[in-house]
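Biologist: Which features of this model should I learn to read, and in what order?

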Amino acid sequence: MNPGKVQAMHTSHAKEQTENNTTSWIGCYPGNKKEISKGQTFLANSGGSLEGIEVLPTFVNQPAEVLLTIHDYDADTRKWGEQLGSAKVSISQSDCGKWIRFNIPNLQLSKGKFYGFKLASHNSFIGVAEAVGSAKNPPLSEGREWKFEDNGDTDSFRYMSLAFKIAVKAA
């Protein structure tokens, strides 16, 4: 590093999937006390300091906080690992159709490693953009969309993916 000079920071996408042809739901379904969280796993295309994770809300029934947590993920065993970081964002109906960024500072992503993020809302019902493909043509070849129920049940889908953008900062 050369003292006295500012080094340029370059942002690249560790992964993104921006196709959107349907909606995935998180939070509490109206008239039902069951709470649903969603998750997405991905393989990082590049490494560096995580700049942010963005998702695209399509429906918000009332202003709410959305919690995003990021985890290590083992793709071979389909097991979620330890939580690496988290962020909360407040959203409202006016945020529908706009990319919402979750900032998680001081987290390093490694190129070629799998990660997963989970989205939860305890006080609202929220739609998040997703893409549905087929077993032969999934929207994201190296990742799965996950469903987590408050009773501990989980399920994953190779042919579905949340719409998301993950940006890393490399020096």
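**Strands, rings and charges**

Modeller: Let us begin with strand pairing. Strand S2 (residues 22-28) and S3 run antiparallel and are joined by two bridges. Two strands count as paired if DSSP finds at least two bridges between them. The elements themselves are DSSP runs numbered from the N terminus: helices are H or I with at least four residues, and strands are E with at least two. The model is a predicted one, in which local features need pLDDT of at least 70 and side-chain atom pairs count only at pLDDT 80 or more, while totals for chains, interfaces and linings use all residues. Residues are numbered from 1 along each chain as its sequence is written, and side-chain values use heavy atoms, with hydrogens and water left out.

Biologist: What is the mean pLDDT of the protein?

Modeller: The pLDDT is the predictor's confidence in each residue, from 0 to 100. Its mean over the protein is 89, and 92% of the residues reach 70 or more. Residues 1-10 have a pLDDT below 50, and beyond near neighbours in sequence this stretch has nine contacts in the model (contact means heavy atoms within 4.5 Å).

Biologist: Which residue stands opposite Ile36 of S3, and which residue of the hairpin takes a positive phi?

Modeller: Gly27 is opposite Ile36. The hairpin of S2 and S3 has six residues between the strands, and there Gly31 takes a positive phi near 80°.

Biologist: With how many bridges does S3 pair with S12, and with how many does S3 pair with S10?

Modeller: Five bridges connect S3 with strand S12 (residues 145-149) in the antiparallel sense; Lys38 has Lys147 as its bridge partner there. With strand S10 (residues 114-120), S3 pairs over six bridges, again in the antiparallel sense, and Phe114 is the bridge partner of Leu43.

Biologist: Is S3 enclosed or open to its surroundings?

Modeller: Burial is judged by relative accessible area: under 20% is buried, over 50% is exposed, and values in between are partly exposed (1.4 Å probe, protein chains only). Nine of the nine residues of S3 are buried, so the strand is largely enclosed by the rest of the structure. Glu35, Ser37, Gly39, Thr41 and Leu43 point one way and Ile36, Lys38, Gln40 and Phe42 the other way, and all are buried.

Biologist: How many aromatic pairs are there?

Modeller: A pair of aromatic rings is described by the distance of the centres and the angle of the planes. Rings of Phe, Tyr and Trp (its six-membered ring) pair if their centres lie within 6.5 Å; planes under 30 degrees apart are stacked, over 60 edge-to-face and the rest tilted. The count comes to 14 aromatic pairs. One of them is Phe42 with Phe164, a tilted pair at 6.0 Å centre to centre and 45° between the planes. This pair links distant parts of the chain, with Phe42 in strand S3 (residues 35-43) and Phe164 in strand S15 (residues 164-170), 122 residues apart. Phe42 has a relative accessible area of 0% and is buried; Phe164 is likewise buried at 0%.

The ring centres of Tyr73 and Trp80 lie 5.7 Å apart with planes at 65°, so this pair is edge-to-face. Tyr73 and Trp80 belong to one aromatic cluster with Phe114, Trp146 and Phe148.

Biologist: Which charged end sits over the ring of Trp80?

Modeller: A charge sits over a ring if NZ of Lys or CZ of Arg is within 6 Å of the ring centre and within 35 degrees of the ring normal. The charged end of Lys118 sits over the ring of Trp80, 5.0 Å from its centre, and also over the ring of Phe148, 4.4 Å from that centre.

Biologist: How many salt bridges does the count give?

Modeller: Side chains of opposite charge can pair when their charged atoms come close. A salt bridge here is a side-chain nitrogen of Lys or Arg within 4 Å of a carboxyl oxygen of Asp or Glu. The count comes to nine salt bridges. In one of them, Glu142 meets Lys15 at 3.2 Å, N to O. Glu142 is in the loop between strand S11 (125-132) and S12, and Lys15 is in strand S1 (residues 10-17), 127 residues apart. Glu142 is partly exposed at 33% relative accessibility, whereas Lys15 is buried at 7%. Phe42 touches both Lys15 and Glu142.

Methods
Lists of a residue's contacts leave out its neighbours within four places in sequence.
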